[in-house]
Amino acid sequence: MDTSEKVKLFWSFSQLTQEIERDKDSRDMLAQRYAVRFIMLNNFNEFKELAKFMTNIGVDMLDLENLIDDGEDDTWITKDTLKDAIKACTKSTFVTPFSEVARFYNDDDFRGFFNEIMLLEDIHNPNKRIYIPLIGLQNRFTDFLNHFARIKESAPVWRYDAETQSVEVFFSKYKNFVLPNESVQCQLNSLREWLMFWKKQAPQERIVCTSAPIAAKYKYSKPDNIFNFTRIANAYEFMIQFLELHFPFEYEEDENEFWEQLLKDLNKTNLDHFSFEAFVRNTFNKVKFDAAEVIGAWANESSASYERWLLKNYVKHTSFSDQFPYINICIDSVSSLEDPYLLISMIMTRILYNDIPANKFSEYAAERRNIIVENRYLFEKTSTEEDQNWLFDRIKELYQGQGNLNSAVELLTGVFDFEKKLLMGWSVNYPNHKKLAEYVSNLYPEYVAYIKPFKPTHFKLENQWLVDYIKAYKRSKMEDKYLDEISNFIKTKNNTAANFYKWYFEFEDTHSLLSEVNSNVLYRPDKVIWIDGLGVEFLSYIMYLIDKENSGLKVVRTQITRSFLPSSTRHNRFEGDIVKKYGALDELGHDSHGYQYFDTLIEELKVVKNIIQDILSISKKQKCTIAIVSDHGLSCLSRKVPSKKYDGKFEHEGRYIKASDEAMTDPDYLVHENEAEGHKYKIALTHSSLSKVPTHQVHGGCTPEEVLVPFILLSNKDMTKNIVNHQVKITSEDIMISNPVVSLTIIPEPKGAILSCEGRSYRMNRCGTTWTVVLEGITEGRHEVEVKPDGANSINKIPINVVGFGVNSDINDMFDL
């Protein structure tokens with residue numbers, strides 16, 4: 001007997017059910033010997049109808065999902081487990097859905113299982129029937145029968161060919177998604193769900209199965225007349241085929257890990273309105289994702305390659321690319337998603353690649369400049385020295401080599417120090433170029449403010465030479481040359497001690513002016529800011545910064561004052577609780593790398609700017625008056641002239657030497673006795689130092705830039721309010737030493753008054769309209785008392801004469817001798 005003779009074919013469902021009815025009561029020996037009945041179907045609808053029929057005729061159900069332990073929904077049912085379950089049936093039983101396990105057995109297990117089941121006997125239950133439906137397994141089961149040796153004596157095999165049904169099954173590792181169009185597709189996430197599906201749900205055209213054991217074993221299933229099995233290759237395929245999502249760019253194999261992560265990050269329950277653009281913004285928690293935010297997210301060291309991949313495709317494949325075409329070509333040129341700084345590098349340098357269209361250069365350059373300016377801190381922090389040097393050379397070549405000033409300037413942003421060096425250099429080499437001057441003013445206004453001359457509010461006309469000198473000094477500093485103008489000034493003003501002292505004492509010393517201001521209640525500073533190394537050259541720049549900040553502080557007074565000699569910090573200290581010192585500028589002057597042409601000035605302007613901004617921030621917290629003072633300035637020109645060779649212990653690279661009492665002034669130096677300590681010093685009169693040629697900026701000498709410093713008084717107080725002028729009159733200037741009582745009248749009458757004399761202060765007592773105080777430890781002779789009524793804006797100074805008894809006349813008078 002061959003297979004065609006063994007398999008009994010039915011042309012209708014009723015014919016099949018009639019045969020089942022007949023067979024279950026058959027007394028035929030073979031029918032009662034072998035219990036198993038195989039029923040081949042090619043349609044799940046007929047399978048469901050058959051299951052109903054079996055229930056109606058009293059056949060028990062063996063639900064294969066019940067062979068899976070609770071909580072282990074995705075555990076495989078082995079052939080032995082299935083065989084044992086079938087053998088354990090004592091009554092007629094319908095095994096459901098048998099074929100949805102058996103089809104995934106490998107060839108050995110498949111043949112082994114059927115070899116044992118085909119001839120299953122139960123002599124104690126001759127009327128027991130085990131109905132095993134084979135859905136879509138026609139080809140594979142037929143092949144088994146063709147090789148089954150005892151086919152003739154085996155149990156009956158029935159086949160009913162209804163309309164063939166086709167089901168696409170896709171194996172996937174992506175679980176727990178809500179698939180759209182549930183009427184034609186669904187997702188089964190475990191073996192239990194897989195087995196239950198065929199009994200309870202109508203078949204669908206596409207099934208996504210994520211059961212791990214089925215995915216591992218589907219390769220053993222053979223092509224049949226119902227199922228078509230396919231493995232979903234990657235996350236991208238799953239999203240576009242089954243989640244019906246759309247992406248504005250195609251899948252690349254080397255980007256597979258990023259697609260996998262994107263799928264994990266999806267909101268699995270809300271995909272109806274998915275768009276890649278919105279997904280990226282939500283990933284980075286941005287409502288609007290502008291250029292600064294994209295670049296910042298890219299350069300963030302904590303950003304992963306996946307996040308940069310999202311950013312790259314967001315830039316390239318959304319409206320962002322139309323808004324920022326230059327960033328688009330930069331991000332397209334980035335070779336690695338791992339390096340957070342590559343995009344920064346590209347934005348800086350890509351503009352100078354040869355493939356940039358000439359008609360797009362200005363547009364791209366403007367976009368590049370805006371991006372760098374808006375993100376200046378990021379670019380300052382992350383741009384490499386290599387990129388900056390490369391740009392320096394290329395931009396320099398554009399102007400100085402090709403004469404293309406416009407293109408060169410279009411590439412400048414005013415952010416980087418190398419750009420500032422270029423602007424400084426061009427302004428020095430082309431001082432009369434009006435267009436260049438306009439560019440410099442726009443791109444480096446701090447430098448322009450530094451160069452600009454400035455006259456303080458308190459300035460004597462006879463000192464106009466200083467304005468000209470400082471102007472020449474700045475030019476000399478910018479050219480890094482010892483100009484004739486400077487040399488002529490020094491030869492005129494510092495050729496002798498007498499000439500030096502003549503202009504030196506024309507300026508009030510800083511400490512005296514500070515004391516004078518401090519004695520005036522109206523102008524008395526609440527804080528004294530000591531900027532170490534701040535020379536008069538920076539006065540114009542500081543005025544620019546104060547005006548630019550709009551802090552509310554008004555400039556009450558600006559003045560040029562002098563340092564004590566030598567012009568060193570040690571000889572010009574400021575003491576007191578209200579004094580705050582900033583030392584960064586002086587530290588820069590003494591930097592171990594020495595003076596660097598252009599670079600040092602760039603850093604100086606930064607340091608001064610930071611200090612002034614810090615000072616001005618005080619006014620935002622409180623009403624206050626601030627005095628800005630300095631101990632000395634700095635000179636860069638001693639590097640440019642020969643030095644003198646003198647013996648001794650040199651200070652500040654030879655700007656002064658401690659001298660003996662017998663030392664005499666020389667054309668090279670001034671012998672000066674310091675006012676505070678009484679020591680004599682040989683102090684360099686000119687820029688030539690007294691030992692070696694300096695490599696740093698120096699101070700301590702007698703040049704104007706070393707000894708002259710700015711004095712600035714700022715206030716946000718209303719100095720017109722509550723000003724009361726008091727008239728203070730002393731009852732008698734002569735006060736007896738035996739009873740040193742000072743008596744005064746103060747009009748209008750204050751709430752109180754302080755009297756100070758010889759370093760002591762007293763709270764005065766009022767008796768009627770008279771104010772009195774007893775002086776302690778006073779000596780005979782002339783003295784001066786200072787009286788400050790409460791609320792007064794000034795101090796009244798009154799002379800007194802303390803009188804005692806004369807040794808001769810007074811005694812003679814007492815005794816009438």
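# A guided tour of the model

Start with the cysteines. The count of disulfides is zero. Keep in mind that this is a predicted model.

**Stop 1: two cysteines.** Select Cys89. Is Cys89 buried or exposed? Cys89 has a relative accessible area of 10%, and the limit for buried is under 20%, so Cys89 is buried. Now select Cys330. Its relative accessible area is 0%, so Cys330 is buried too. Leave Cys330 highlighted; this residue comes back at the helix stops.

**Stop 2: the six-stranded sheet.** Switch to cartoon view and select strands E1 to E6. These six strands form an open sheet. In what order do the strands lie? Read across the sheet as E1-E6-E2-E5-E4-E3. The pairing is parallel. Which strands sit at the edges? Strand E1 (7–10) and strand E3 (60–63) do, and each pairs on one side only. Look along the sheet to see the twist, which averages 25° from one strand to the next.

A reminder while the strands are on screen: strands of a sheet pair through backbone hydrogen bonds, either parallel or antiparallel.

**Stop 3: the E1 edge.** Zoom in on E1 and add strand E6 (residues 157–160). Four bridges join E1 to E6. The two strands run parallel. For a single pair to label, select Lys8. Which residue of E6 is its bridge partner? The partner of Lys8 is Trp158.

**Stop 4: strand E7.** Move on to strand E7 (residues 167–171). How many of its five residues are buried? Four of the five are, and E7 is mostly covered. Next, show the strands that E7 pairs with.

- Select strand E10 (residues 227–231). Five bridges join E7 to E10, and the two run parallel. Label Glu168 and Asn228, which are bridge partners, with Asn228 in E10.
- Select strand E9 (residues 206–209). Four bridges join E7 to E9, again with the strands parallel. Label Val169 and its bridge partner in E9, Ile207.

With side chains shown, keep one general pattern in mind: in a regular strand the side chains alternate between the two faces of the sheet.

**Stop 5: helices H14 and H15.** Select helix H14 (residues 291–299) and helix H15 (residues 305–317). Their axes come within 9 Å and cross at roughly 155°. Angles over 145 degrees count as roughly antiparallel, so H14 and H15 are roughly antiparallel to each other. The crossing is left-handed. Now show side chains. From H14, pick Val294, Ala297 and Trp298. They meet Arg308, Leu311, Lys312, Tyr314 and Val315 in H15.

**Stop 6: helices H17 and H18.** Select helix H17 (residues 325–332) and helix H18 (residues 342–349). The two pack with their axes 9 Å apart, at an angle of about 125°. How are H17 and H18 oriented to each other? They are oblique. The crossing is right-handed. On the H17 side, the contact is made by Tyr326, Cys330 and Ile331. Here is Cys330 again, the residue with 0% relative accessible area. On the H18 side, look for Leu343, Met346, Ile347 and Thr349.

**Stop 7: helix H21.** Finish at Glu386. This residue lies in helix H21 (residues 385–401). Is Glu386 buried or exposed? Its relative accessibility is 66%, so Glu386 counts as exposed. Now add Ser321 and draw a distance between the C-alpha atoms. The two residues are 65 apart in sequence. In space, Glu386 and Ser321 are 28 Å apart, C-alpha to C-alpha.

Conventions. Residues are numbered from 1 along each chain as its sequence is written. This is a predicted model: local features need pLDDT of at least 70, side-chain atom pairs count only at pLDDT 80 or more; totals for chains, interfaces and linings use all residues. Side-chain values use heavy atoms; hydrogens and water are left out. Two strands pair if DSSP finds at least two bridges between them. Axes are lines fitted to C-alpha atoms, for helices over the stretch in contact, and angles run from 0 to 180 degrees between N-to-C directions. A disulfide is a pair of cysteine sulfur atoms within 2.5 Å. Buried means under 20% relative accessible area, exposed over 50%, partly exposed in between (1.4 Å probe, protein chains only). Angles under 35 degrees count as roughly parallel, over 145 as roughly antiparallel, 65 to 115 as roughly perpendicular and the rest as oblique. A crossing is left-handed if the near helix is turned anticlockwise from the far one by less than a right angle, and right-handed if clockwise. Contact means heavy atoms within 4.5 Å.
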